[in-house]
Amino acid sequence: MTENRVSGGVPANGLPEGGQIAPLTNIAVIEQAIFQLADRGATDPGMMVVSGPSGYGKSVAAAWAKARHRAYYLQLDDFVSKKSLLVQLCQVLGLSVDGKPPKGTIQQLAERVAAQLHQSRRPLIIDEFDFAIDKNLVMAVFSIYEMSRASIILIGEEAMPAKLKRWEKFDGRVLDTLYAEPVSLEDARRLARAKNAGLTLADDLLAHLVTIAKGSVRRLSNNLRKIFETGAAEGWDHCDLARWGDRPLQQADVKRRGS
Amino acid sequence: MSRQPAVVALAGGKSARQRVWEAIRLLSDVSDFLTDGSFLVDDLSRKSKVELPIVREYVRCLMAAGYLQWASTDDRGPVKNRYVLAKNNGVEAPRVRRDGSPVTQGRGTEAMWGAITALDTFTHAELAQIANVKPATAANYCGFLGRAGYLDLVRAGHGTGRGGIASVWRCALVHKHKPRAPMVTRLKVVYDPNVHAIVWQPGAADAADAAADQIDLGEVVE
């Protein structure tokens with residue numbers, strides 16, 4: 001297995017045309033995952049791992065892939081079991097039998113899920129895959145892959161690729177591991193431009209925001225929103241670090257609730 | 001044990017074409033060795049309870065797109081009225097035109113719903129960017145879904161254009177796992193294909209309020 005990094009700000013090849021703005025760095029990462037899977041040979045493995053710390057914009061990137069590539073998307077949580085995983089997959093794939101959600105043994109459910117994944121040829125994205133590792137469901141996903149040979153993208157925290165090495169069989173089906181990138185100054189410029197609220201931000205302020213965000217695109221957008229709101233209230237058309245002064249901003253080291 | 005239905009279908013409300021597609025999948029299922037998997041247009045019509053002209057039209061579209069083929073028999077050569085499934089696309093009926101090209105109408109809505117159910121909070125501008133639709137389209141969709149109770153308003157916006165603050169939305173939890181996109185129809189009502197029902201229409205809330213008032217006033221509601 002090879003490990004790849006997408007260089008910051010450079011979109012992966014084959015991006016869908018017609019987007020109003022160039023995607024963020026981590027959208028380029030998931031685009032690369034989708035296209036690597038679509039391009040794989042008949043004998044190549046079909047699972048991709050995308051990992052990165054919380055707040056790096058992995059889930060927004062997943063939403064992008066879901067919207068633009070008709071990917072099936074499932075977000076796992078701590079309550080997941082083998083049965084609930086399959087029931088939720090049936091729901092995500094929109095399956096029914098006689099107008100009711102499919103019932104049956106987990107084997108029957110798995111066969112139905114795998115058949116639909118195989119036939120529709122749509123990629124499946126499983127977000128927060130760390131829960132599957134904690135709940136010992138890695139081999140369940142492995143089996144669904146083996147039955148369907150579908151393109152599957154697994155998204156999780158930064159320690160996930162190392163944890164997955166424990167399952168040698170599983171590891172052999174992973175085409176590539178991609179790492180989400182920390183938020184860059186270029187990302188900050190794009191986000192500020194996208195808000196387009198008649199307020200231009202100086203590079204020194206954006207650079208400061210990138211530094212205090214410590215890689216988290218979530219933190220950066222929260223701070224951008226705060227600045228734009230203040231700007232709208234004060235009637236600014238330009239803001240730099242000096243003008244912002246020591247007004248509060250969300251810092252990486254401050255413990256926040258509900259993030 | 002009773003026999004499990006062999007063919008899995010799409011959950012929720014079904015169009016005529018969807019029912020025909022499900023009939024095709026059902027009649028192509030050869031796992032019980034009772035059929036050879038070929039079928040007539042009449043078989044499809046009978047099985048799906050869809051009228052013949054609609055079935056014929058859809059079969060023509062599917063043939064053009066390569067989902068169906070003529071059934072061939074060894075001794076008599078190709079038979080021009082029997083069909084077999086050539087490309088099984090899963091539970092969703094392929095949306096194709098008469099010339100076999102894919103139908104693009106509705107893709108924007110599907111993309112928006114896909115993004116809505118995966119995102120945490122969002123504004124219409126962010127949604128437009130992710131789903132690749134016009135900001136006005138996204139704003140309109142969010143507005144209708146908000147009125148139908150499908151989106152929670154996290155923070156109300158105010159003003160428009162530069163200096164205006166956009167509303168922040170979040171998908172209501174009970175609707176977050178619905179795979180198919182609710183749509184705003186031409187009559188400006190919100191239809192949810194997952195439950196096959198009109199879930200919002202203009203004036204319905206006012207009428208309900210008026211009825212509630214009547215009960216309070218002791219008037220008879222018939």
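The exercises below work through the contact between two chains, the sheets of chain B and one aromatic pair.

The model is predicted, and local features need pLDDT of at least 70 while side-chain atom pairs count only at pLDDT 80 or more, with totals for chains, interfaces and linings using all residues. Residues are numbered from 1 along each chain as its sequence is written, chains are lettered from A and ligands numbered from 1 in the order in which they are written, and side-chain values use heavy atoms, with hydrogens and water left out.

**Exercise 1. The interface**

Task: Describe which residues and elements make up the contact of chain A and chain B.

Solution. Begin with the residues: 38 from chain A and 37 from chain B take part in the contact, where contact means heavy atoms within 4.5 Å. Next take the area, for the two chains bury about 2,900 Å² between them, 48% of it on carbon and sulfur atoms; buried area is the accessible area (1.4 Å probe) that two parts lose on being put together, summed over both.

Then turn to the polar links. Between chain A and chain B there are four salt bridges, each a side-chain nitrogen of Lys or Arg within 4 Å of a carboxyl oxygen of Asp or Glu. A salt bridge joins the side chains of R70(A) and E110(B), at 2.7 Å from N to O.

Finally, look at the side of chain A that touches chain B. At least two residues each come from α2 (58-69), β3 (72-75), α3 (82-92), β4 (95-96), α4 (106-120), α9 (185-195) and α11 (217-234) of chain A; helices (H or I, at least four residues) and strands (E, at least two) are DSSP runs, numbered from the N terminus. The most comes from α2(A), which supplies six residues.

**Exercise 2. Strands between and within chains**

Task: Find the partner strand of β4(A), and then give the strand order of the open sheets of chain B.

Solution. Start across the interface, where β4(A) pairs with strand β1 (residues 9-10) of chain B in the antiparallel sense over two bridges; two strands pair if DSSP finds at least two bridges between them. Here L95(A) has L10(B) as its bridge partner.

Within chain B, an open sheet of three strands follows the order β5-β7-β6, with antiparallel pairing, and its edge strands β5 and β6 each pair on one side only. Strand β5 (residues 121-122) meets β7 (residues 168-171) of chain B over two bridges, whereas four bridges join β6(B) to β7(B). In β7(B), R170(B) is the bridge partner of T121(B) and also of D152(B), while W169(B) stands opposite L153(B).

Another open sheet of three strands in chain B has the order β8-β9-β10, again with antiparallel pairing. Its edges are β8 (183-184) and β10 (197-200), each with a single partner strand, so one side of each is left without a neighbour in the sheet. In β9(B), V190(B) is the bridge partner of V184(B).

**Exercise 3. An aromatic pair**

Task: Classify the ring pair of W113(B) and Y150(B) and locate its two residues.

Solution. First recall that rings of Phe, Tyr and Trp (its six-membered ring) pair if their centres lie within 6.5 Å, and that planes under 30 degrees apart count as stacked, over 60 as edge-to-face and the rest as tilted. The structure holds six aromatic pairs over all chains. For W113(B) and Y150(B) the centres are 6.5 Å apart and the planes stand at 55 degrees, so the pair is tilted. The pair links distant parts of the chain, 37 residues apart, with W113(B) in helix α4 (residues 107-118) and Y150(B) in the loop between α6 (135-147) and β6 (151-155) of chain B.
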